[in-house]
Structures are given as C-alpha cells and as structure tokens.
Amino acid sequence: MLKRMNLLSQLKEDIAVVFDRDPAARSTFEVVTTYPGFHAMVIHRLAHKLWRMEWKWLARFISHIGRWLTGIEIHPGATIGRRVFIDHGMGVVVGETAEIGDDCTLYHGVTLGGTSWNKGKRHPTLMPGVVVGAGAKILGPITIGANARVGSNAVVVKDVPDNATAVGIPARILDSAAEKQRNQQAEKLGFSAYAISADMNDPVVKAIHGLIDHSAHIDHRLELILAQLQKLGAEMPLGQDKPDDFDPNYLNKIVD
C-alpha cells in the first residue's frame with residue numbers, strides 16, 4: 001500500500017509540474033493523455049527500476065518503446081530526480097550515466113551525451129533547478145551547477161557554475177557586469193547594443209564588441225589623464241571634465 005501511495009504521489013507531482021511550467025496546460029486529462037514529456041518520465045521510472053534489478057534487456061526494450069511513443073530517448077541507467085519537466089521533448093537524448101537533479105527543465109532537441117567510449121561516468125550531471133534550452137548539447141562528464149541556464153543550441157563541454165548562464169558554440173559563461181558596461185558604452189556611442197547580443201557568434205558582431213570595449217578602455221585612460229592634470233594644477237574648462245566632452249586639442253592648449 002505504501003508503494004502504491006508513493007507511486008501515486010509521484011504521478012501527481014509530475015502532473016503538477018507541467019501546470020507550473022507550461023501555461024498551455026489546461027487540464028489533468030490533457031496532460032496525462034497528450035504530453036510526451038510526462039509519458040517519457042513515467043516510462044523511464046519503470047525502465048530504471050528494472051535496470052537496477054539487473055533486468056537489463058527488458059529495461060532497454062521498455063525504454064525503446066518509450067522512445068518510439070514519445071520521441072524522447074532516455075537510457076534506463078540514467079538517474080533522474082523529482083519534478084523534472086521535459087517540454088515538447090522531441091529529439092531529447094539522455095545517456096546512460098547522466099544525472100538530472102530535482103526541478104530541472106529540458107526543452108526539445110537537448111542532448112546529454114558522452115564524449116568517450118570508455119566505461120564509467122561519461123555523461124553530464126545537472127544539479128537541481130537547471131534549465132536547458134532547445135537544441136543544446138551538453139557533452140562529457142561535466143557538471144552544470146544548481147539553477148544554471150544553458151542557452152538554446154549551446155554546446156557545453158566544460159563545467160558551468162551555479163546560477164550562471166552558458167551560451168554559444170562552444171559555450172561560454174556570460175559576464176553580466178561586462179555586458180552591462182558594454183551596453184552603456186554602446187548607448188554613449190549612439191546606437192543600441194541589443195542589436196548585437198552577446199550570444200551571437202558573427203565575426204562582425206565580435207568586431208563591434210571589440211570596438212566598444214576598446215572605446216570604454218580609452219575613456220577610462222582619459223579619465224586617468226585628466227585626473228593627473230588636475231593634480232598638477234591644470235584648470236579644467238567648463239564642460240571638459242568628462243571624457244564624453246573631451247576636446248582632442250585641449251592638451252595642446254595646455255602645453256602652449
């Protein structure tokens with residue numbers, strides 16, 4: 001009776017998490033009958049239990065049936081926590097030694113794959129609360145920290161810290177402070193930085209980012225120069241105390 005209650009509670013939890021993370025869900029009946037992510041989790045739990053009981057072939061066969069029904073391939077050896085939600089799900093692949101913590105969310109096309117043919121741990125570990133965007137590939141025995149975010153189509157081959165955001169190919173950790181400074185400098189130059197977001201890999205975008213960073217560096221050095229001139233007793237004309245208004249001929253005037 002206790003086992004039945006545990007199973008029932010688990011099913012209720014799996015249904016509830018769909019309503020929490022998908023505003024399109026309208027009824028329990030709809031979730032139970034039409035959500036492949038929910039079906040994949042139920043099938044995986046049965047296959048995983050059989051796998052641990054050493055009924056390997058039967059576990060693989062049930063997993064194979066689940067793949068055929070849902071388009072989601074989860075190896076029965078994978079360890080998956082509670083309240084894990086797979087949205088849409090088509091094309092999701094989870095390898096044998098992958099570990100997914102509680103409250104994680106995976107979107108369609110996600111791969112938790114291996115990079116080695118050797119036995120042992122060769123697939124990723126997702127700590128609790130991780131969100132993985134559509135099409136992202138997380139490869140190798142790496143760890144994605146708690147509450148981290150992996151952007152759509154990113155290819156992650158290194159550990160990601162807690163609460164971080166990884167984007168790009170290969171994935172890199174976004175430096176929010178640097179991005180804020182870059183956006184501010186772009187506004188000073190007279191255009192919007194949102195048109196050249198940090199998760200783009202276009203060479204022209206990278207070149208523009210380099211120019212913006214260089215401009216910010218020059219502004220900083222000008223501030224240092226002006227501060228030193230003030231210490232030497234040079235009078236700063238009105239409107240010339242900020243790099244934004246700096247007159248290129250001002251130093252020549254002082255020398256003269």
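Biologist: If Ala, Val, Leu, Ile, Met, Phe, Trp, Tyr, Cys and Pro count as nonpolar, Asp, Glu, Lys and Arg as charged, and the others, Gly among them, as polar, how many of each class line the largest pocket?
Modeller: The lining has 6 nonpolar, 5 polar and 5 charged residues. A pocket here is an open set of 1 Å grid points, over the protein atoms alone, where a 1.4 Å probe fits, with protein on both sides within 12 Å along at least five of seven lines; lining residues have an atom within 4 Å of a point. This is a predicted model, with local features needing pLDDT of at least 70 and side-chain atom pairs 80 or more, while totals for chains, interfaces and linings use all residues. Residues are numbered from 1 along each chain as written, and side-chain values use heavy atoms, without hydrogens or water.

Biologist: Which element gives the largest share of that lining?
Modeller: Helix α3 does, with 8 residues. Helices are DSSP runs of H or I, at least four residues, and strands are E runs of at least two, numbered from the N terminus.

Biologist: Switching to Ala-171, where does it lie?
Modeller: Ala-171 is in the loop between β14 (165–167) and β15 (172–173).

Biologist: What does Ala-171 touch?
Modeller: Leaving out residues up to four places away in sequence, Ala-171 contacts Ala-154, Val-155, Val-156 and Ala-166, a contact being heavy atoms within 4.5 Å. The C-alpha atoms of Ala-171 and Ala-154 are 5.6 Å apart.

Biologist: Where is confidence lowest?
Modeller: Helix α7 (residues 250–255) is lowest, at a mean pLDDT of 50; pLDDT is the predictor's confidence in each residue, from 0 to 100. Strand β8 (residues 125–126) is highest, at 96.

Methods
Ala, Val, Leu, Ile, Met, Phe, Trp, Tyr, Cys and Pro count as nonpolar, Asp, Glu, Lys and Arg as charged, and the others, Gly among them, as polar.
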